[in-house]
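These are short notes for a colleague opening this structure for the first time. Please read them with the model on screen.

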Amino acid sequence: SDDGKLSFDEFKAYFVDGVLSGEELHELFHMIDTKNTDNLDTEELCAYFSQHLGEYENVLSVLEDLNITILKAMDKTKKDYQEASNLEQFVTRFLLKETLNQLQSLQSSLECAMETTEEQTRQERQGPTKPEVLSVQWPGKRSARRLQKNILLPSSPHFNTGWTEEDSQWMTQINRLQKLIDRLEKKDLKLEPFEEEVLEENAKSHIMIVQRQMSVIEEEIEEFRLSLKQYVESASSQGSCLHVSIQKLPSDSRFIVYEFWENSNAWNSHLQMNYSKTFQRSNVDFLETPELITTMLVP
């Protein structure tokens, strides 16, 4: 609330990671709250995390220097670009693009490490024997933290117990998925194959279903609609895209987009397309919070 301190609700909203329980977050909050004020100030947060920086102290220091360097370069670009020659402008655009590519590559590595550590912790806490447990499958690069509810995959060790148990577990997961989708859409969902395909014996085919939830700033809804329309038209024109649908929740400015892709490779390729990257960049200005993406593979 911009008052210079964090209440527990604010602390929980920011630090929740889908791994620590509410009780554990509450315990951590009071551990950091050395002044026992039921609010955390900057000094308390710095004091706690400074004890645990380790190698990341150097990383954060370099990032601070990098941020300053990039801002200086942007400032000079703003001043010089308009007066530069066509060739000089081309070089500037190339350098900007290459800098962005390098930063995105670094971001992808960090997200992969973050998601892997979170998933390992979940598996350790939840154990391998519960068929109701939902595990995470992250399809490549991500622009922000994502929702961690994905359906179990056939390759999971949870399914190596025979066909009868496997079929039972899949039915449990499919029924659970149906209920979740029905609750979101508040209507019956009918899935129809995009086209009939004859598979070789023992071949496994999985459709990638993607749900994207975006909370849009009220003043930016019209601009967002135009951006979303261009994105959907471009995505739908891809041969590997089976279907795209949009739902606008009447109670708030939240949009839900459902995308059906032939497989996970098609989805990953789609994320690297220029129209997809353009949509992600524009959402930085349009969204109140980072979008939530849920993915699941369905045979």
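1. I would start at helix H8, with the elements packed over it. The buried residues of H8 are covered by, among others, strand S3 (207–215), helix H7 (221–236), strand S5 (254–261), helix H9 (274–286) and strand S6 (292–298). Bear in mind throughout that this is a predicted model.

2. Helix H8 itself runs over residues 264–271, and its buried residues are Ser 264, Ala 266, Trp 267, His 270 and Leu 271. These residues cover an arc of only 160° around the axis, so they sit on the same side of H8. At the N-terminal end of H8, Asn 263 acts as a cap. One of its side-chain oxygens lies 3.2 Å from the backbone nitrogen of Asn 265.

3. Two of the elements covering H8, namely helices H7 and H9, also pack against each other. Their axes come within 10 Å and cross at roughly 165°. Angles over 145 degrees count as roughly antiparallel, and H7 and H9 are therefore roughly antiparallel to each other. The handedness of this crossing is left-handed.

4. Which residues make the contact between H7 and H9? From H7 come Glu 223, Phe 224, Ser 227, Leu 228, Tyr 231, Ser 234 and Ala 235. On the H9 side they meet Tyr 275, Ser 276, Phe 279, Ser 282, Asn 283 and Phe 286.

5. Ser 276 deserves a separate look. This residue is found in helix H9 and has a relative accessibility of 1%. Buried means under 20%, so Ser 276 counts as buried. Leaving aside neighbours within four places in sequence, Ser 276 is in contact with Tyr 231, His 270 and Leu 271. Tyr 231 belongs to H7, whereas His 270 and Leu 271 are among the buried residues of H8.

6. Next, turn to helix H2, which spans residues 22–32 and has Leu 25, Leu 28, Phe 29 and Ile 32 buried. Because these residues cover an arc of only 105° around the axis, they lie on the same side of H2. The face turned away from that buried side carries the exposed residues Glu 23 and Glu 27. The cover over the buried residues of H2 includes strand S1 (5–6), helix H1 (8–15), strand S2 (40–41) and helix H3 (42–50).

7. How do H2 and H3 pack? Their angle is about 105°, and their axes are 9 Å apart. That angle makes H2 roughly perpendicular to H3. In this contact, H2 contributes Leu 28, Met 31 and Ile 32, and H3 contributes Glu 44, Leu 45 and Tyr 48. Of these, Leu 28 and Ile 32 are listed among the buried residues of H2.

8. A smaller point concerns Thr 77, which is found in helix H4 (residues 56–80). With 22% relative accessibility, Thr 77 counts as partly exposed. Its C-alpha atom is separated by 9.8 Å from that of Arg 93, and the two residues are 16 residues apart along the chain.

9. Last, some totals for the protein. The secondary structure comes to nine helices and six strands. Of the 299 residues, 30% count as buried. Among contacts between residues at least 6 apart in sequence, 63% join residues at least 24 apart.

Terms used
Residues are numbered from 1 along each chain as its sequence is written. This is a predicted model: local features need pLDDT of at least 70, side-chain atom pairs count only at pLDDT 80 or more; totals for chains, interfaces and linings use all residues. Side-chain values use heavy atoms; hydrogens and water are left out. Buried means under 20% relative accessible area, exposed over 50%, partly exposed in between (1.4 Å probe, protein chains only). Helices (H or I, at least four residues) and strands (E, at least two) are DSSP runs, numbered from the N terminus. The arc is that of the directions from the helix axis to the C-beta atoms. Contact means heavy atoms within 4.5 Å. A polar contact is a pair of N or O atoms within 3.5 Å; within protein, one must be able to donate a hydrogen and the other to accept it, and residues adjacent in sequence count only if both atoms are side-chain atoms. Axes are lines fitted to C-alpha atoms, for helices over the stretch in contact, and angles run from 0 to 180 degrees between N-to-C directions. Angles under 35 degrees count as roughly parallel, over 145 as roughly antiparallel, 65 to 115 as roughly perpendicular and the rest as oblique. A crossing is left-handed if the near helix is turned anticlockwise from the far one by less than a right angle, and right-handed if clockwise.
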